[in-house]
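Here is a short report on one protein structure. Keep the sequence and the 3D view open while reading.

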Amino acid sequence: MKVFLENPNLLINEFNEMASIAQKKAFITVGKEIQKEEIETLEAYRSNLLKLKRKYVKRGLENEANLVYCIEQSLQAVQYELQMLVNIKEDKMSEAWGNLVNAQVVYGTVIRNYPFEFEADNGYIARLEEYEKLLFPKMFFSSVGGIIKKSHCSICNENYNKCNHIKGKLYNGELCTRVITEMELEEASLVDTPANKHCRILTITHNGKAVDILTLREKISTNS
């Protein structure tokens, strides 16, 4: 059980209200101008949360800083969701897929770090997975493998193999990542369940033509 010096309930309740309002607008039928306005509202609120997080970090309140990170990133996921719907309406299908994947990645990080398990287990990941099944065709992904030669920790900038930080865990409101700066590529392959859904096949051959996998429109070569 994590100990909070400041009562987190006010912040959590405020987040729940913001998320509820935003998700009422996360339907394909809602006007894109309304969704764009909500995106701006979320952006402004998240900016205030980042300021609050910095204050907690300065005061040494790590649990509070980590909670704010999770709340801010949860709203970021909803913002990506709304942007995906706007992208679809504006015929920007590649951007729509990218924003859906961003929402899945961001909220996955929240679930792994949120201090209150019940509130995090709200079915939102399942909602995002349904978008993937219903709004997009079957995707094909690529994956690469290799030997990492150089990498460092995003928290302390030390050699990742020599520091005590754990990739994917929060420290004072910041997510630890392994930053790879040198890698020897060994293989590339097609996979069904990639580590990174941004690494997707962009075109397929259809009736002898190269077409965009999302729109089935012919890809016109820029080489002449």
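## Nonpolar surface patch

A patch here is built from residues with over 30% relative accessible area and no salt bridge, and nonpolar side chains are joined within 5 Å. The model is predicted. On its surface, Val144, Ile148, Ile180, Met183 and Leu185 form such a nonpolar patch. Together they offer about 440 Å² of accessible area.

Two strands, E1 (141–153) and E4 (178–191), each supply at least two residues of the patch. E4 gives the most, with 3 residues. Met183 sits in strand E4. Its relative accessible area is 38%, so Met183 is partly exposed and passes the 30% cut-off for a patch.

## Overall layout

The protein chain holds 6 helices and 6 strands. Their order from the N terminus is α-α-α-α-α-α-β-β-β-β-β-β. The C-alpha atoms fill a box of roughly 65 × 50 × 30 Å along the principal axes. Of the 224 residues in the chain, 36% are buried.

## Helix H3 and the loop after it

Does the length of helix H3 match or miss what its residue count predicts? H3 covers residues 62–89, which makes 28 residues. At 1.5 Å a residue, the helix should span 40 Å. Its end C-alpha atoms lie 41 Å apart, so the two values agree. H3 is also mostly covered, with 22 of its 28 residues buried.

Asp91 comes just after H3, in the loop between H3 and H4. Its phi is positive, about 60°, although Asp91 is not a glycine. Most residues other than glycine have a negative phi. Asp91 is partly exposed, with a relative accessible area of 39%.

Asn157 also has a positive phi, near 65°, and is a residue other than glycine. It lies in the loop between E1 and strand E2 (170–171). Its relative accessibility is 55%, so Asn157 counts as exposed.

## Aromatic contacts

The whole structure contains 3 aromatic pairs. One of them joins Trp97 and Phe136: the ring centres are 5.2 Å apart and the planes stand at 75°, so the pair is edge-to-face. Trp97 belongs to helix H4 (residues 93–113), while Phe136 lies in the loop between helix H6 (124–135) and E1. The pair therefore ties together parts that are 39 residues apart in sequence.

Are these two residues buried or exposed? Trp97 is buried, at a relative accessible area of 2%. Phe136 is buried as well, at 8%. Trp97 and Phe136 join Phe141 in one aromatic cluster.

A charge also meets a ring in this model. Arg127 lies over the face of Phe27, at 5.7 Å from the ring centre.

## Salt bridges

Side chains of opposite charge can pair when their charged atoms come close. The whole structure contains 14 salt bridges. One of them links Glu90 and Lys36, at 2.7 Å from N to O. Glu90 is in the loop between H3 and H4, and Lys36 is in helix H2 (residues 32–58), so this bridge ties together parts that are 54 residues apart in sequence. Glu90 is partly exposed at 23% relative accessibility. Lys36 is partly exposed too, at 36%.

Other bridges sit within a single helix. Glu43 and Arg46 meet at 3.2 Å, N to O. These two residues are 3 apart in helix H2, so about one helical turn separates them. An α-helix has 3.6 residues a turn, so residues three or four places apart point the same way. Glu43 is partly exposed at 41% relative accessibility, whereas Arg46 is buried at 8%.

Glu130 bridges to Lys133, with the closest N and O atoms 3.8 Å apart. Which helix holds this pair, and how many residues separate its members? Both lie in helix H6, 3 residues apart, or about one helical turn. Glu130 is partly exposed at 38%, and Lys133 is exposed at 62%. Elsewhere, salt bridges that share partners join Lys32, Lys36, Glu90 and Lys92 into one network.

Note on methods. Residues are numbered from 1 along each chain as its sequence is written. This is a predicted model: local features need pLDDT of at least 70, side-chain atom pairs count only at pLDDT 80 or more; totals for chains, interfaces and linings use all residues. Side-chain values use heavy atoms; hydrogens and water are left out. Patches are made of residues with over 30% relative accessible area and no salt bridge: like charges are joined within 9 Å, nonpolar side chains (Val, Leu, Ile, Met, Phe, Trp, Tyr) within 5 Å. Accessible areas come from the Shrake-Rupley method with a 1.4 Å probe; for residues, only the protein chains shown count as cover. A salt bridge is a side-chain nitrogen of Lys or Arg within 4 Å of a carboxyl oxygen of Asp or Glu. Helices (H or I, at least four residues) and strands (E, at least two) are DSSP runs, numbered from the N terminus. Buried means under 20% relative accessible area, exposed over 50%, partly exposed in between (1.4 Å probe, protein chains only). Rings of Phe, Tyr and Trp (its six-membered ring) pair if their centres lie within 6.5 Å; planes under 30 degrees apart count as stacked, over 60 as edge-to-face and the rest as tilted. A charge sits over a ring if NZ of Lys or CZ of Arg is within 6 Å of the ring centre and within 35 degrees of the ring normal. The expected span of a helix is 1.5 Å times one less than its number of residues.
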